[in-house]
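Visitor: Please take one part of this model and go through it slowly, as I would like to see how it is built before I look at anything else. I would be glad of the cut-offs behind each term as you go.

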Amino acid sequence: MVHRRMTNQIVTVPCHSRGRFAGRPGEAFGGQFVAPILLPVLDRLEAAYREARADPVFRATFDRLLADHVGRPTPLSLIELGDAGAARLFLKREDLSNSGGSYGGGVLGQCLLAQRMGMGAVVADTGSGDHGVAVAATASRLGLAATIYIADPAGRSQLAMVDRMRAFGATVAMVPGEASMLHHAMSGAIQHWMAHGADCLYVAGAPIGPHPYPTLVRDFQAVIGREARAQIVERTGAPPAVAIATMDGGGAAVGLFGALLDDATRLILVEPEGDGGSRSAAPLSHGRPGVLHGAYTLLLQDADGQLCDIRALAPGASYPAAGPELAAWARAGRIEVARIADGDAIASLRWAARHYGLLMSLESAYGVAHAQRMAATAATGTAIVCVLNGGGTKDLPLVERHG
Amino acid sequence: MSRRLTRRFVERRQQGRAALIFYLAAGDPSIALAADMLHAVVAGGADIIELGYPFCDPILDGPVIRLANRRALDAGGSLDATLAIVRRFRARDADTPIVLMGYANPLLSRDGAVFAYIADAGADALIIPDLPLREAAALLPAIAAAGLALVPLVSPDGMTDANLAASPGVGGFSYCVAQAGPTGGAAPDTGQVRAAVAMCRALSDRPVAVGFGIKTPALAAEIAAVADGVIVGSALVDRIRAMGDEDVDAAALFAAIADFCRTFRTAIDGRS
């Protein structure tokens, strides 16, 4: 008996219009692929955000706490390349914010929304620990209870981060370890949220998940790009020629790129290529469309639709999907996608530490490695901005083990 | 075809019995035994089978069913393997409806012929917990054209997208989720279940089947007294896992599973 053969072409899924991001013609990423029990929660969140955006008091509180809690604006550091290139390389120093990562704006905005909605608690997942620390710190500032899910292997290798979360009063839940560490932590956090949705808001660390999360994160993180653009214009007289971010979930990338979409700036998202094997965490380069954690987006998956095991060296990059809006920008050709191998990222991390006294996170190092590569051949004076997602103290043991 | 499912509920209602629905993961513990495992569940009194095609991230499921999905994947499970099991089951059982349960990605990452392919294998309806009606709307014509029905999930605090619940392609029964949180949780409060069933009945005249946390024959009997169907998942899956730890042959395994299912059947029929 001959059965109908299955092909793996894309089902075009033209769903309802809210939270949709157009990719190629006929392609719409995003949506709300969640259990029905979460829909009322998402609808409430969307309505609360719409009201908050129009409320000058909310805006003023957000701006005040960006300064007084997150420590913004963060500096823009010029790196003198000398023989390494004729371009000017500027680093947007998210590592110098209060919690030491690029998550501050998104976390603050979402926690303020939780407060506005009358909720007493937040829940989040964290891959590298940076996002968990930001949520724990902000929840402490706003008087919210925080529960942070982290995959067991990441938690054990990032004990200092777990200690910081606990110091801020957060409950840290270790999810039994498997591969794809961030994805398992996220599933744990979402299950927690499904059981406590009335009083607890999920706080996304990346522009992933169901609508309205990708939009919330993009809007609240846009402060990164607005600051960087103004700082570069002040120093060079023009927007940057090139802007670079690493794909570690994409929270820094949407924040930086969102403010530069109307400029002629080349926007480049760098994905960790790993060592060519299972360590590749490059859903924009190698993924095909599917549904994960509430969004239709580009996923690393097999022919049956099972997610690939991601064992990225950088824990913050161990997620098998791209944010739906980043997927749309990439498929529509608005952003370029590049790939950097683990060894090149580690070399960059060491180079910046040894020559500039600057210890960046391993996640950031993929972007900086690509920036170095471009700087080497760019015309004299070309302004390149690259976002540093966080500091690298947490990654030194990993880097050392890599040899 | 969804008609097979509708007919089964009508028959049971005429007999004054609640429909007994068992969930199991296709390929747990083995692909080779899977079709006979379904026959054993039917022999034990199942009216309808909810057959899970495995997924690596079953987000609405608790630990028992999450592990069953893992075992099924490790055994070589997939959507294709699940449909092959359905074909083998259908060769000997043309009457027992099969509702395919699983997550959106294995379906939506394929081409639009996937629903016809599922119907062709002999499945009758779909439960997809991460495909709410507002997202399913665009797919409902293909689901209806294949003769399938998407079973709507109704959560404890009401139904969002109720305006879409009467669309062609939505049907079979209303899946009344007895409690918030993942499958296999604590036993639901029967008073709350009664209220949730009443809400489902107010929303549509479809049969109402209740699931989530129904682990004992006694609780199943209480639920059967107020609903048209009772769905038992984690309890059976856990029994299958426990049998796998014992060194028994296939015949003894099937006999034990049938006996286990029969305890639910007997309890339900005694009360309804």
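**The nonpolar core and the two domains of chain A**

Guide: In chain B of this predicted model, the mean pLDDT, which is the predictor's confidence in each residue from 0 to 100, is 94, and 99% of the residues reach 70 or more. For the complex the predictor gives an ipTM of 0.95 and a pTM of 0.92. Residues are numbered from 1 along each chain as its sequence is written, while chains are lettered from A and ligands numbered from 1 in the order in which they are written. Because the model is predicted, local features need pLDDT of at least 70 and side-chain atom pairs count only at pLDDT 80 or more, whereas totals for chains, interfaces and linings use all residues.

The part to look at is the largest nonpolar core, a set of buried Ala, Val, Leu, Ile, Met, Phe, Trp, Tyr and Cys residues joined through C-beta atoms within 7 Å. Here, a residue is buried if 20 or more other C-beta atoms, placed from the backbone, lie within 10 Å of its own, exposed if 12 or fewer, and partly exposed in between. This core has 241 residues, and those that touch the most other members are V122(A), I384(A), C176(B), V210(B) and V230(B). From chain A, at least three residues come from each of domain 1 (33–64 + 103–202) and domain 2 (73–101 + 221–401), with bounds taken from an automatic or database domain assignment.

I384(A) repays a closer look: leaving aside neighbours within four places in sequence, its contacts (C-beta atoms, placed from the backbone, within 7 Å) include L89(A), F90(A), V242(A), I244(A) and M374(A).

Turning to the domains themselves, the centres of domain 1 and domain 2 of chain A, taken over C-alpha atoms, are 23 Å apart, and 26 residues of domain 1 are in contact with 29 residues of domain 2. On the domain 1 side, α3 (104–116), α4 (130–142), α5 (152–157), α6 (159–167) and α7 (181–196) of chain A each give two or more residues, the helices being DSSP runs (H or I, at least four residues) numbered from the N terminus. That side divides into 14 nonpolar, 11 polar and one charged residue; Ala, Val, Leu, Ile, Met, Phe, Trp, Tyr, Cys and Pro count as nonpolar, Asp, Glu, Lys and Arg as charged, and the others, Gly among them, as polar.

For chain A as a whole, buried residues make up 62% of the 403 residues.

How values were computed
Two residues are in contact if their C-beta atoms, placed from the backbone, lie within 7 Å.
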